[in-house]
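Welcome, and please open the structure in your viewer. We will go from one selection to the next and look at what is there.

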Amino acid sequence: MHKWIMSGVFFAACALAIVLMFTLPGKEEVAEEAKPTMPEVAMDAGQAEALVKANCITCHGDQLQGGVGPALANIGSKDDVEKIYSTIVKGKGGMPSFKDKLKDEEIANIAMWLAEKK
């Protein structure tokens, strides 16, 4: 009797695994869903710099030289504007997400400003 119960549990688990294999989204689909979409804005360097000074210098330094967080002085030569936007929106490592602290347009403005730092 014990053998039949274990066999039934095994086959049920296999059936569930097969169903989940074909119904759950793949890594690429999940990555695409999780990628935030950057809004179209005209860059305002003064506003971006003010926002960075108000929100980022504590960790990234007053000259973007780094500190607690990485240096951002040359971030545009390493990352494109979309990646910078995504990092600000979602956060990364010890960096918190700013999606609830700043408007999407403000984050996009900062991302474009930082992308020009090469």
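Here is a short tour of a predicted model, stop by stop.

**The annotated domain.** Begin by selecting residues 43-118, where UniProt, in an unreviewed entry, places the feature "domain: Cytochrome c". Colour this stretch by secondary structure: 49% of it is helix and 0% is strand. Its end C-alpha atoms lie 16 Å apart.

**Helix α3.** Now select residues 45-55, which make up helix α3. At the start of the helix, show the side chain of Asp-44: one of its oxygens comes to within 3.2 Å of the backbone nitrogen of Gly-46.

Next, show Ala-48, Leu-51 and Val-52, which are buried residues of α3. They sit on the same side of the helix, because together they cover an arc of only 100 degrees around its axis. An α-helix has 3.6 residues a turn, so residues three or four places apart point the same way. What do the buried residues of α3 pack against? Add α4 (57-60) and α6 (104-115) to your selection, and you have the two packing partners.

**Two salt bridges.** The structure holds two salt bridges, and one of them is in the helix you already have on screen. Select Lys-53 and Glu-49, whose side chains meet with an N to O distance of 3.7 Å. These residues are four apart in α3, about one turn of the helix. Is Lys-53 buried or partly exposed? Lys-53 counts as partly exposed because its relative accessibility is 49%, and Glu-49, at 36%, is partly exposed too.

For the other pair, select Lys-83 and Asp-79, with their closest N and O atoms 3.6 Å apart. Here Lys-83 is partly exposed, with a relative accessible area of 40%, whereas Asp-79 is buried, at 12%.

**The nonpolar core.** For the last stop, select Ile-84, Tyr-85, Ile-88, Ile-107, Ile-110 and Leu-114. These have the most contacts inside the largest nonpolar core, a set of 22 residues. Which elements give two or more residues to this core? They are α3, α5 (81-90) and α6, and α6 gives the most, with eight residues. In soluble globular proteins, nonpolar side chains tend to be buried together.

Finish by centring the view on Ile-107. Beyond its neighbours within four places in sequence, Ile-107 is in contact with Tyr-85, Ile-88, Val-89, Phe-98, Lys-99 and Leu-102. Tyr-85 and Ile-88 may look familiar: both were in the core selection you just made.

Terms used:
Residues numbered from 1 in each chain as written. Predicted model: local features only at pLDDT ≥ 70, side-chain atom pairs only at ≥ 80, totals over all residues. Heavy atoms only, no water. Salt bridge = Lys/Arg side-chain N within 4 Å of Asp/Glu carboxyl O. Buried < 20%, exposed > 50% of the residue type's maximum accessible area, 1.4 Å probe, protein only. UniProt positions renumbered as here; feature names shortened; annotations may be inferred. Arc of directions from axis to C-beta. Contact = heavy atoms within 4.5 Å. Polar contact = N/O pair within 3.5 Å; in protein donor to acceptor, adjacent residues only side chain to side chain. Core = buried A, V, L, I, M, F, W, Y, C linked by side-chain atoms within 4.5 Å.
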